[in-house]
Amino acid sequence: MKISYIQIAVLSLFLISCSNDNSNENGPSGFSGFGGRQATSVETSEVEIGPIADQVRSFGNVKAQNVISVLPQVSNRITEIYVDLGDTVRQGEALAKIYDATFRDQLSQAESQLEQSRIALRRDSSDYQRQLSLMDRDLTSESELDIAQAAYQSSRAQFESARSSLTQAQENFNNTVVRSPVAGVINSRALEVGDLATTGTELFQVASTNGYESRIYLPVQDWRAVKVGHEVNLRISNESGVSAQGVVSRKSPQLDATTGLGEIVITLTQIGNNIYPGVLVENIINITTKERTMVVPRSALVEQVETVINPETNTIDLDRTYSVFVSRGDSVAERRELELGIEQGDRIEVLSGLLPSDNIIVTGQSGLDDGSRIQVASGDRFQTSEERQVGNQQQSNRPAGGQNPLANMSEEERTEAREKMQGMSREERMAFLRELRQQQADSTSNGQ
């Protein structure tokens, strides 16, 4: 089969066109050769070197270490209440008054009975001593001595009983004034003036001001990790900063049979102005702390999930691995498999897979592959259309190159600028790019 000159000419033109496309790798279109892919705009950040802690977090209420229930010791009407909710009281301070007329009469009666018993005891004691003296001189019989001795012993027993009754009557009368057993703050008040106070019914609740604590309940994994002596930071739920500090002082030796949770008691050592009984706080227990380690944000991680069939159990398990992309020369993305360590919120420790000098890709990494072409951009490349419009209005003198000033440079200038940005942080690179834009804008204005 013969090929005509026309067919040879068409084939030659096609080969020349393909050759031109392959030679235009760095053209303004951003494509890598014939059928190439466009460079992906990404944002990078340096690997953070700093402290990280393995933490257990749980919410609980701050409580006074000792909360005392004040119970009336006698029953009758309440005639006076001297304190209200939130009042600070001293130990022994009067809190309320109970109607005391009945108890005053009982005290007077007990005093009279004691005096009568004392007189009878004195009389019978004298008779007994006289009978003993007569017996020594054989002037009385043993039966008369026994009668005198029995009368004396009975009088002495009645005297002791009367003295006990007086003690009880005196205590009942004194208990008509309800006093605080400890120094603290009135947490609750159950009755009002005119109500009937009965023994065994709580009248007041006093929280001791000697110290505060927080009690939390943890699942078995966290409960097992927490030890007595671990430091704790406490944060009020609607505040960002630490409101108090404490230490794990007690730990339940067993889990609750119903809930499966273990109780942890945290004693507060330092408190802020917003800490008071009843406030809800987040208890942050530091289990393990590392001072200097490589840390990356969770959002930078790329997760790969593979299904693995376990032949022994005939089940399907999920094998999860994590990696990040790093910027190589600000033009190529390189995948790095990571070994992760401690997690603290959205920060994760990297045990291996990164170097402290690496710049990790934190935005735009979801669609990358190992070796993908990238273009490192500042934060304004990821702004919304409204933000870009405002930025364009504020920077109307930008060069025609748009948001990336490197596009208006020669290859040598672009290489030099990239080398300068290698050791810069993200903020420094953004400032450097803004300076380049301004220089290009000034040169454009002078040229016009």
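Colleague: How much area does the protein chain expose, and what share of it do carbon and sulfur atoms supply?
Modeller: The exposed area is about 27,000 Å², and carbon and sulfur atoms supply 48% of it. Keep in mind that this is a predicted model.

Colleague: What percentage of the residues is buried?
Modeller: Of the 448 residues in the protein chain, 35% are buried.

Colleague: And the secondary structure, how many helices and strands?
Modeller: The chain has 7 helices and 22 strands. Among contacts with a separation of 6 or more, 69% are between residues 24 or more positions apart.

Colleague: Let's take strand 15. Which strands does strand 15 pair with?
Modeller: Its partners include strand 2 (residues 48–64), which pairs antiparallel with strand 15 (residues 280–297) over 13 bridges. Strand 12 (residues 231–236) is joined to strand 15 by 5 bridges, again antiparallel. Strand 20 (residues 347–352) pairs with strand 15 in the antiparallel sense over 4 bridges.

Colleague: Which residues can I click on to check the register?
Modeller: For strand 2, take Ala53, whose bridge partner in strand 15 is Thr289. For strand 12, Arg235 stands opposite Glu282. For strand 20, Val296 is the one opposite Ile348.

Colleague: Different topic. What is the strand order in the open sheet of 4 strands?
Modeller: The order is 7-6-4-9, with antiparallel pairing. Strand 7 (177–179) and strand 9 (196–197) are the edges, each pairing on one side only.

Colleague: How many bridges between strand 6 and strand 7?
Modeller: There are 3, with strand 6 covering residues 94–98. Ala94 sits opposite Arg179 of strand 7.

Colleague: Now helix 2. What span does helix 2 reach from its first C-alpha to its last?
Modeller: Helix 2 (residues 101–136) has 36 residues and reaches 53 Å, close to the 52 Å expected at 1.5 Å a residue. After helix 2 comes Asp138, with a positive phi near 60°.

Colleague: Which residues of helix 2 are buried?
Modeller: Among them are Phe103, Leu107, Leu114, Leu121, Tyr128 and Met135. Asp124 and Gln131 are buried as well.

Colleague: What covers the buried residues of helix 2?
Modeller: The cover includes strand 4 (76–81) and helix 3 (142–174).

Colleague: Last one: what do strand 17 and strand 18 form?
Modeller: They form a hairpin with 3 residues between them, and Gly329 in the turn has a positive phi of about 70°. Strand 17 (residues 315–328) pairs with strand 18 (residues 332–337) over 6 bridges in the antiparallel sense. Phe325 stands opposite Arg335 there.

Notes: Residues numbered from 1 in each chain as written. Predicted model: local features only at pLDDT ≥ 70, side-chain atom pairs only at ≥ 80, totals over all residues. Heavy atoms only, no water. Pairing = 2+ DSSP bridges. Helix = DSSP H or I, 4+ residues; strand = E, 2+ residues; numbered from the N terminus. Expected span 1.5 Å × (residues − 1). Buried < 20%, exposed > 50% of the residue type's maximum accessible area, 1.4 Å probe, protein only. Contact = heavy atoms within 4.5 Å. Areas by Shrake-Rupley, 256 points an atom, 1.4 Å probe, with all protein chains shown as cover.
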